[in-house]
Amino acid sequence: MLSEGYSRSAGIRKITPAMVAARTTAEALPLQAVEMSDLYRYLRQGRSILGLTCQQTELLCYLIAFTQPADWSGEDDVLPVSTASNLDIQQRFDLGRTRVKNLLRELAEAGWLLHRDSPNGQRYRRSNPFTPRSQQAYGFDLSPLARRFDDLKRAAETALWRQQEGRRLHREVTTLSRTIYALFQTAEEAGVTVKDGKQILARTSALVSQRGSERDPKWLDPICQELRQIHEQVEREIAFAKEMTVSSDTSDSVPLSVESDPMGTPERPHYTYTKSTSLAKATVEAAGFAENCNEASRSRSSSSSRAAQTQPVPSAVTDPLRGFRAKPSFVLHIAPIFRQYCSSDKPAETEIIQAALFACEQLGISRHAWAQGQAVFGDYPNAVVIAAIAARTDAGEVRSPGGLLRAMIARFLAGQLALDRTLYGLAEKLKRGPTIVQ
């Protein structure tokens with residue numbers, strides 16, 4: 001117990017109970033021979049696992065720079081002691097004196113450094129050929145870094161694994177969602193109805209939005225697990241419905257001719273094309289765009305289809321964009337619906353084409369209309385057209401995206417489509433908004 005006349009002397013460092021416990025724990029561990037480059041790398045890679053802030057990590061690296069490689073040899077009579085002054089640290093990190101003292105105390109309480117104070121309170125190093133250098137060095141003892149080197153290495157490896165696993169799970173969410181949308185398209189083409197299909201699609205879209213740009217495995221793993229369950233459920237239902245359809249067809253159905261056209265009426269010519277683009281071109285040339293298509297809701301041809309019947313397919317296909325440079329980044333800006341189907345903010349044109357096909361499911365554009373647009377416009381220009389339709393749909397300017405696509409096909413064949421004006425208008429709207437298109 002301290003006497004009544006005791007008073008704390010000026011210049012004496014305050015030692016907290018946490019610093020005493022950390023010193024006892026650190027000095028009980030054996031020293032190891034380490035490389036300074038490994039300390040730099042492991043500290044920066046594993047700082048989140050070790051519980052260090054960025055400022056604390058950089059301060060430790062700065063203190064390590066005041067030591068020599070020979071100080072990390074692992075010998076008991078040689079300790080890595082940094083002689084950096086508080087003023088040096090203040091100037092290096094642009095911090096105040098109080099903040100520097102708090103940072104040093106936090107590192108000492110966490111057991112990352114030990115204070116070795118000289119009799120006069122100064123930090124210095126003296127070289128003596130007859131005395132080990134560790135006995136003449138006073139300042140910050142960084143030997144706990146060498147004693148806990150295994151912890152540093154494991155933390156760095158764990159952080160690297162989390163980073164790689166987070167990227168893998170982020171890509172897996174995109175892959176699973178695309179597979180689920182593709183299964184629904186397969187079911188629609190096969191005439192199979194998936195139970196609670198709208199709820200499943202809505203939940204899939206919500207999970208993709210929930211993922212966002214997150215790369216934390218703890219956040220992404222439950223999302224992937226739920227998407228895997230949805231994927232397995234849809235596959236089972238499609239397989240079961242397909243087996244039931246095949247069994248019923250083989251029992252009481254009449255064999256049909258191979259040359260019959262399941263998409264049209266007996267009055268239409270028969271085609272044996274296998275590629276979707278060829279089939280769409282043949283359909284366009286034979287019967288227009290809206291007449292007799294595979295849509296049960298259409299009972300009569302629209303005005304756009306009648307106009308399209310009088311216009312033959314141009315022999316020399318012109319550019320639907322009319323010189324407008326619609327890069328993939330521009331497409332993502334005007335149609336945010338495409339983002340959930342792309343793996344990055346800078347996708348390739350092939351990803352945009354696939355995203356357009358998936359976006360048709362949400363916009364209500366039939367596969368038949370999409371194939372016609374692909375046959376007339378081309379692969380990538382067709383994706384740009386769908387992106388423009390999605391942008392106008394989000395703005396509340398379009399009631400029927402599928403009808404607008406067919407109308408644009410008819411106008412293009414008639415030479416009246418000015419898609420570049422639409423794209424310039426969308427670009428101007430973005431420039432006036434918070435996001436500026438580059």
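## Cores and a helix pair in a predicted model

The largest nonpolar core in this predicted model has 72 residues, and those with the most contacts inside it are Ile334, Phe338, Ile352, Phe377, Leu405, Met408 and Leu423. Helix H16, spanning residues 379-394, gives this core its largest share, ten residues. Apart from this core lies another one of 38 residues, including Tyr42, Leu50, Cys61 and Ala155.

Leu423 is a good place to start looking around. Leaving aside residues up to four places away in sequence, Leu423 touches Leu321, Phe324, Phe330, Ile334, Val384 and Ala388.

Next, have a look at a pair of helices. Two packed helices are described by the angle between their axes and the distance between the axes. For H5 (residues 86-93) and H6 (residues 97-109), the axes come within 10 Å and cross at roughly 105 degrees. An angle of 65 to 115 degrees counts as roughly perpendicular, and H5 and H6 are therefore roughly perpendicular to each other. On the H5 side, Asn86, Ile89 and Gln90 take part in the contact, meeting Arg97, Val100, Lys101 and Leu104 of H6. By type, the residues of this contact divide into three nonpolar, two polar and two charged.

For the chain as a whole, here are some handy totals:

| Property | Value |
|---|---|
| Helices and strands | 18 helices and four strands |
| Buried share of the 438 residues | 42% |
| Exposed area of the chain | about 25,000 Å² |
| Share of that area from carbon and sulfur atoms | 50% |

As for contacts along the chain, among those with a separation of 6 or more, 70% are between residues 24 or more positions apart.

Conventions
Residues numbered from 1 in each chain as written. Predicted model: local features only at pLDDT ≥ 70, side-chain atom pairs only at ≥ 80, totals over all residues. Heavy atoms only, no water. Core = buried A, V, L, I, M, F, W, Y, C linked by side-chain atoms within 4.5 Å. Buried < 20%, exposed > 50% of the residue type's maximum accessible area, 1.4 Å probe, protein only. Helix = DSSP H or I, 4+ residues; strand = E, 2+ residues; numbered from the N terminus. Contact = heavy atoms within 4.5 Å. Axes fitted to C-alpha atoms, helices over the stretch in contact; angles between N-to-C directions. Parallel < 35°, antiparallel > 145°, perpendicular 65-115°, else oblique. Nonpolar A, V, L, I, M, F, W, Y, C, P; charged D, E, K, R; others polar. Areas by Shrake-Rupley, 256 points an atom, 1.4 Å probe, with all protein chains shown as cover.
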